[in-house]
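The exercises below ask you to read a protein model step by step, and each task is followed by a worked solution. Try each task with the structure open before you read on.

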Amino acid sequence: MTQGMTAAAHAEAMATYAQAGLKRAEALGNRGPLRLGPDGRLVPEILEAYERTGFYVFENVIDEAELGVLRGELDALLERAPVDNGATVDRHGRPAYGQEFARPVFSLIRPLVDPWGGTAALGGRHPVKMRQPAFGDEAAPKVVFLMTGMCQTMASGLRLYGHPQLLAVAASINGDDFVPYNDAIFIKQPGQGGAVSWHQDGVTHWDNPAWDPGIHGFNFQVQLYDTSAASCLWVVPGSHREGKIDIPARLAANGGEEQLPDAVPLACRAGDVTIANRQALHGSFANTSRDFRASLTFGFHRRASVLGAKGALSEEGSVVYDEARIEARSKVIAVAIDARAQHYPEAPRFSYAPLAGREGELAFTPENWERIIRDYNLNDLSI
Ligand SMILES: O=C(O)CCC(=O)C(=O)O
């Protein structure tokens, strides 16, 4: 991908592209309130639109009070981020947050870069680098790009994971016995956030004779702030049905230009929640806009897609996801449901079928936090 562009020129090019993209998005009919039918499942119109386009924007799902708590906890973590990957101090010279966890909480990058594009990272699924506009200050500090482990780093993150409407969406799409994938918070600092180059998430089932458009599951993104077309995730509608896409060829056919003509932005208001099929072609551009984006991203799979599969992406390839591994990771859902129910006792509580009847054993208690939540992401189920 052509490099050597100034941030101002990039922002200008994005503005024109964004306007056209927003128009295309409007016509898709895949945005509105999260509506469940009397059976507790997503209403058929929403499922149809999701299956047709590969994504849906649920408007106004998380209320202002919950958003405020999520933002406050996230801000506190960002204040205590290490100054670099592997560093032990934050920018105030204090011990950086999260060093006690097995996996690093923070991943930092130089402003405006695309850390994965054109590299072998994550199974090489991001084959072409996005534009990396010049930031203009070689000595600028690194910025947080990604954070993992929201169920252990944020009490509000664990409660969000137990949200009854979101879990009902997971059951509607992946069946009552759905299983977790992983979670990550994408941080796009204004004028500094990095790019995530065009990719499809799934890596396991492309050649599976039982392949279908839903076999690699989906991701939620909960938006803590208003996002614009310049800062948000973009998706090529319907691409989840195409099988494995030759991304370099698709970009070459677009003259090597990263602004794919059929992609649309998932621009959201704070409190909106998106779902995106993990097979959809998607990505996001260097954030040369003034908008801050914090997207709490967590996914769910069909049990049949995961059971017996080998570890992939950032998981050990030698591991096979058996019943015990799936149960260990799924218990996070049960504890999250109880954490939410204890915090919002008047609100409905989701019943997670695979662990039904074990609510007492899987209550949100200090002991279960240590036993089930601490380092839970060592048991992520990546396919
Ligand atoms: O939010 C973004 O910018 C990228 C998200 C993404 O690529 C993903 O969830 O797989």
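**Exercise 1. A strand in the middle of a sheet**

Which residue is the bridge partner of Gln221 in E12? Once you have found it, work out how E7 pairs with its neighbours and how its side chains point.

*Solution.* Keep in mind throughout that this is a predicted model.

Step 1. In E12, the residue that bridges to Gln221 is Thr297. This bridge belongs to the pairing of E7 with E12, which is antiparallel and runs over six bridges.

Step 2. E7 also pairs with E10, again in the antiparallel sense, and here there are five bridges. In E10, Ala276 is the bridge partner of Asn219.

Step 3. Next, follow the side chains along E7: Phe218, Phe220 and Val222 point one way, while Asn219, Gln221 and Gln223 point the other way, and all of them are buried. Because six of the six residues of E7 are buried, this strand is largely enclosed by the rest of the structure.

**Exercise 2. From E7 to the whole sheet**

In what order do the eight strands of the open sheet lie, and which strands are at its edges?

*Solution.*

Step 1. Reading across the sheet, the order is E1-E2-E10-E7-E12-E5-E4-E3, and the pairing is mixed. The edge strands are E1 and strand E3 (106-109), each of which pairs on one side only.

Step 2. Start at the E1 end, where strand E1 (residues 31-32) pairs with E2 in the parallel sense over two bridges. To travel from E1 to E2, the chain passes through helix H2 (residues 44-53), and this β-α-β crossover is right-handed. Within this pairing, Arg31 has Val57 of E2 as its bridge partner.

Step 3. Move on to the pairing of E2 with strand E10 (residues 273-277), which is antiparallel and has four bridges. Here Phe55 is bridged to Ala276 of E10, and Ala276 is also the residue that bridges to Asn219.

Step 4. Finally, look at the directions of the side chains in strand E2 (residues 55-58), where Phe55 and Val57 point one way, Tyr56 and Phe58 point the other way, and all are buried.

**Exercise 3. The second sheet**

What is the order of the open sheet of four strands, and where does Pro265 lie?

*Solution.*

Step 1. The four strands are arranged as E6-E11-E8-E9, with antiparallel pairing. E6 and E9 stand at the edges with a single partner strand each, so one side of each has no neighbour in the sheet.

Step 2. Strand E8 (residues 234-235) pairs with E11 over two bridges, in the antiparallel sense, and Val235 has His282 of E11 as its bridge partner.

Step 3. Pro265 lies in strand E9 (residues 264-265). Pro265 counts as buried because it has 25 C-beta neighbours inside 10 Å, and the cut-off for buried is 20 or more. Leaving out residues up to four places away in sequence, Pro265 touches several others, among them Ala18, Leu22, Cys232 and Trp234. Although Pro265 and Val235 are 30 residues apart in sequence, their C-alpha atoms are 6.5 Å apart in space.

**Exercise 4. A proline in a loop**

Is Pro213 buried, exposed or partly exposed?

*Solution.*

Step 1. Locate Pro213 in the loop between strand E6 (196-199) and strand E7 (218-223).

Step 2. Because Pro213 has 17 C-beta neighbours inside 10 Å, it counts as partly exposed.

Step 3. Beyond its neighbours within four places in sequence, Pro213 is in contact with His240, Arg241, Asn277 and Gln279.

**Exercise 5. Around the ligand**

Which strands each supply at least two residues of the shell around the ligand?

*Solution.*

Step 1. List the surrounding residues, which are Phe186, Val196, Asp201, Asn219, Leu233, His282, Ser284, Ser295 and Thr297.

Step 2. Strand E11 (282-284) and strand E12 (293-301) are the ones that each supply at least two of the shell residues.

Step 3. Sorted by class, the shell has three nonpolar, five polar and one charged residues.

Step 4. To close, connect this shell with the earlier exercises: Asn219 and Thr297 belong to it, and these were met as the bridge partners of Ala276 and of Gln221.

Key. Residues are numbered from 1 along each chain as its sequence is written. This is a predicted model: local features need pLDDT of at least 70, side-chain atom pairs count only at pLDDT 80 or more; totals for chains, interfaces and linings use all residues. A residue is buried if 20 or more other C-beta atoms lie within 10 Å of its own, exposed if 12 or fewer, and partly exposed in between; C-beta atoms are placed from the backbone. Two strands pair if DSSP finds at least two bridges between them. A crossover is right-handed if, with the strands pointing away from the viewer, the path from the first strand over the helix to the second runs clockwise. A residue is near a molecule or strand if its C-beta atom, placed from the backbone, lies within 6 Å of it. Ala, Val, Leu, Ile, Met, Phe, Trp, Tyr, Cys and Pro count as nonpolar, Asp, Glu, Lys and Arg as charged, and the others, Gly among them, as polar. Two residues are in contact if their C-beta atoms, placed from the backbone, lie within 7 Å.
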